[in-house]
Amino acid sequence: MTSPSTEPKAHSHGLGEIPFSKLATHGSFDVNDFPVPNGREEEWRFTPLRRLKGLHDFKGEADGVDRLDVDAPEGVTVEKVGRDDERLRTAGLPADRVTAQAHSAFEEATVLTVAKGTALERPVTIERQAQGGTRFDQYLIELEPMAEAVVVLKQTGTGVRAGNLDLHVGEGARLTLVSVQDWEQDAVDVTQHNAQVEKDGTFKSIVVTLGGDLVRLSPKVAYKDRGANAELHGLYFTGDGQHHEHRSLIDHNLSSTRSRVEYKGALSGKDAHAVWIGDVIIGEGTSGTDSYELNRNLQLTDDTRVDSVPNLEIFTGEVEGAGHASASGRLDDIHLFYLRSRGIPEEEARRLVIRGYFLELINRIPIEELRDEIMGKVEQKLASHE
Amino acid sequence: MTKFEIRGLRADVLIGEDERQEILKGVDLTVNSGETHAIMGPNGSGKSTLAYAIAGHPRYEITEGEVLIDGENVLDMEVDERARAGVFLAMQYPVEVPGVSMSNFLRSSVTAVRGEAPKLRQFSKELQGAMKNLSIDSGFAARGVNEGFSGGEKKRHEILQLELLKPKVAILDETDSGLDVDALKIVSEGINRSKETHQMGTMLITHYTRILNHVKPDFVHVFAGGRIAESGGPDLADTLESEGYERFVKAGA
Ligand SMILES: Nc1ncnc2c1ncn2[C@@H]1O[C@H](COP(=O)(O)OP(=O)(O)OP(=O)(O)O)[C@@H](O)[C@H]1O
Ligand SMILES: [Mg+2]
């Protein structure tokens, strides 16, 4: 067994200091199983509750409207289904009160199914534009055995949104999800991703969070059989006043499963706050787990705040690999010096280094135009903070 | 005709929050276009400090003196302005900048120094030619700046940059160390090309006379205790080779 690495940590809390595995893996579909949070709970202590605009103690009416455009190639079935569709209860439980609230209150779910053995010739694109109000959502993306798909979810507009995106990756199937949170600056988004990966299936997610006033995204992975693989990547650029929180939970509940978690962010401007919680559980009696998680933060200005908390709980001695790293810091002035010593003006040198910092991550997106678009948005955000 | 003057230069290395140490204790040196000044001296005497301080490295602070290029005060300029004014430093330890591709970096740098973006096709031809001259495989253009380069590969790339940027004055800090015999020749030829084509003035910091057989110095200076302790012609290098620095270190202490 490899012991967890001890690289520099920012605001980190010791392993095992706070027991999380019970609560986080438990969850419930019913909002009433969760008490109204007061902000002192482990899973809420970093989230500014008052900026949830009532989501954590919802009393009003879900009056929000989304415009949804789904562009799917042949081989994909797109359905709108009611609450009673039993597929909506197979993918894992909401882990907190807000996502349970969403599950308790959504009216209609969107289900995408990729047929068995189908490798899609082009990506599925879901353009979701929130048009104000409060809304609860439920999505399911189902890949039947040996199917292969890239799904891009582009989210823009404003409103208060909470939801669950369930992902079921069938045996030997490969799903790449790119979820872009490009909300307007006053939007609130609390979403959980529930991925279940069957034997030899691969789930890759690339999360890109740029907009919103408050975004809290909790990608959760569970394995249904051996050989299942999950890679969670994330990029965020948190500007002044924004709260971006990513909470991944990988539950290596079975033997011979693999996970990689890699989240990288940049923060700039007053009270920009990024939170990364990386929970990894390597379950009792399992063997051959291979897991690694990493979070890096680039604090471009001093008035930003980062909370980066890797949590690794290991209940077995038979681990193939398990490690984590978390580091936060400023732009390396020696990097900048080198570029500038070759005549490159400071602003451009900063842009080059930040581009470089995100490049590997962005290159994981399998669509060139989308890569360019996201790099463009990152640079735009960077420019607006200079 | 360019005149590069260092006058009474004193500089501190910044160690911690309020810890600093004076390293340069009054350096005077004038380098005219086309001249090559070899600077030799014991480890830790401040040669790299001199080079970095002139380039504007953030870990050093100049406390006294001037550096002028054709009468313009280099020390008033930003780091990047110094480069655009024609001052180039080939570093003893070139910096790795992950994620920034060499080709992107070179294009940005050439654009900044020349004041206009070179035509893409023309530039890629120029780059390929320059890389070939230095026996650098074209695959390096796609790699991150110095990322995972061997010591010798980094040094070759410093000279590649030198050749693309065509500075008026170059400070070459131990560019010869870490190079194999063939590479030493190749790199020396690169330096000589810059001397010939645009009369580059050169400060060549080195520990070895070997490179001086390829790049002929006009002057040799002994650097000890944070200043130039003695200056002479090319013969001085041979004297140092046989006698070492002992007498200067003692004198400086
Ligand atoms: N951060 C630091 N803290 C303490 N001393 C430092 C620091 N940085 C540099 N120095 C000291 O400054 C002195 C000058 O270093 P410099 O690198 O300029 O020497 P040099 O002449 O280039 O040596 P070499 O021939 O080994 O390259 C050395 O004694 C070095 O230890
Ligand atoms: Mg040195």
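The exercises below, each with a worked solution, concern two interfaces in a predicted model.

**Exercise 1. The two domains of chain A**

Task: Describe how domain 1 of chain A and domain 2 of chain A are placed, and state how many residues of each are in contact.

Solution: Begin with the bounds, since the domain assignment of chain A gives domain 1 as 37-330 and domain 2 as 332-386. Next take the centres, which, calculated over C-alpha atoms, are separated by 25 Å. Then turn to the contact itself, where 32 residues of domain 1 of chain A meet 19 residues of domain 2 of chain A.

**Exercise 2. What the domain interface is made of**

Task: Find how much area the two domains of chain A bury between them, and which three residues of domain 1 supply more of its share than any other three.

Solution: The area buried between domain 1 of chain A and domain 2 of chain A is about 2,100 Å², and 72% of it lies on carbon and sulfur atoms. On the side of domain 1, Leu235(A), Phe237(A) and Lys264(A) together supply 25% of the area buried against domain 2, more than any other three residues. Now add the polar side of the picture: 3 salt bridges cross this interface, and 11 residue pairs, both at pLDDT 80 or more, are in polar contact across it. Among the elements, β10(A) gives the most to the side of domain 1 that touches domain 2, with 6 residues. Sorted by class, this side has 14 nonpolar, 11 polar and 7 charged residues.

As a single example of a charged pair, consider Lys154(A) and Glu373(A), whose side chains form a salt bridge at 3.1 Å, N to O; that distance is within the 4 Å cut-off used for a salt bridge.

**Exercise 3. Chain A against chain B**

Task: Work out which residues and elements of chain A supply its side of the interface with chain B.

Solution: First count the residues, for the contact takes 18 from chain A and 32 from chain B. The two chains bury about 2,000 Å² between them, with 66% of it on carbon and sulfur atoms. Of the area that chain A buries against chain B, 39% is supplied by Phe337(A), Tyr338(A) and Arg342(A), more than by any other three residues.

Continue with the salt bridges, of which there are 4 across this interface. Arg342(A) forms a salt bridge with Glu158(B), in which the closest N and O atoms are 2.6 Å apart. Finally, look at the elements: α3 (333-340) and α4 (346-362) of chain A each supply at least two residues of the side that touches chain B, and the largest share, 7 residues, comes from α3(A). By class, that side of chain A divides into 9 nonpolar, 4 polar and 5 charged residues.

Conventions:
Residues numbered from 1 in each chain as written. Chains lettered and ligands numbered in written order. Predicted model: local features only at pLDDT ≥ 70, side-chain atom pairs only at ≥ 80, totals over all residues. Heavy atoms only, no water. Domains from an automatic or database assignment. Contact = heavy atoms within 4.5 Å. Buried area = accessible area lost by both parts, 1.4 Å probe. Polar contact = N/O pair within 3.5 Å; in protein donor to acceptor, adjacent residues only side chain to side chain. Helix = DSSP H or I, 4+ residues; strand = E, 2+ residues; numbered from the N terminus. Nonpolar A, V, L, I, M, F, W, Y, C, P; charged D, E, K, R; others polar.
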